[in-house]
Amino acid sequence: MSLIVALKFFHYLSLFLAGGLGVANGLLAKAHQKTQTPPAPPVQQTMMTLARLGLVAVVILWVTGIILTTQIYGSFNLGWAFHLKLLGATILLLVIAFLNFHLAMSAKKGTPPNPKIMTAIPYIARSSLAAILIGIAIVTTT
């Protein structure tokens, strides 16, 4: 039982971190888009740090989630809603990994991040988050 409690603690902590970091990065990007100014190098560095921490948080979510699922339910055969949650989580992981790659490449080239990419990522991330939340709400209710 203490293993499950510890895993849930880190799972929830990572959930809060990933969400907060994602919101912070989105706010920074949006503020720069509105003023049509590229982020200054320290801001770009901060955005990269937030993206990396977000990626670490999502990886911890995956690891703890996999272990929790096998420990509590014994399998991943929990129905369509759970698979919707996993699909959303997979898309979110891919988007955050891509964001990390894009920000690193932009910094390496000394150019600001592509505004089209920075505009699309929040919409994709929010949609995948909605799928995750809908899926988990259904799984834990039925």
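Which element gives the most to the lining of the second largest pocket? That would be α1, with three residues. Keep in mind that this is a predicted model, and let's go through its two largest pockets in turn.

**The largest pocket**

About 1400 Å³ of space lies in here. A set of 49 residues lines the largest pocket, and the closest to its centre are L15, L61, L92, L129 and I132. Looking for where the lining comes from along the chain? Four helices give two or more residues each: α1 (2–35), α2 (41–72), α3 (80–109) and α4 (115–139). The largest share belongs to α1, which puts in 15 residues.

**The second largest pocket**

This one holds about 160 Å³ of space. On its lining you'll find A29, H32, Q33, Q36 and T37, then the pair P38 and P39, followed by M47, P112, P113, P115 and M118. Here α1 and α4 each supply at least two residues, and α1 again shows up as the top contributor, with three.

**The linings by class**

Here is how the residues of each lining divide up.

| Pocket | Volume | Nonpolar | Polar | Charged |
|---|---|---|---|---|
| Largest pocket | about 1400 Å³ | 34 residues | 11 residues | four residues |
| Second largest pocket | about 160 Å³ | eight residues | four residues | no residues |

So what about charge in the second largest pocket: how many charged residues are in its lining? There are no charged ones there, while the lining of the largest pocket has four.

Definitions and conventions
Residues numbered from 1 in each chain as written. Predicted model: local features only at pLDDT ≥ 70, side-chain atom pairs only at ≥ 80, totals over all residues. Heavy atoms only, no water. 1 Å grid on protein atoms, 1.4 Å probe; cavity = no way out; pocket = protein on both sides within 12 Å on 5 of 7 lines; lining within 4 Å. Points joined across faces, edges and corners; volume = space filled by probe spheres on them. Nonpolar A, V, L, I, M, F, W, Y, C, P; charged D, E, K, R; others polar.
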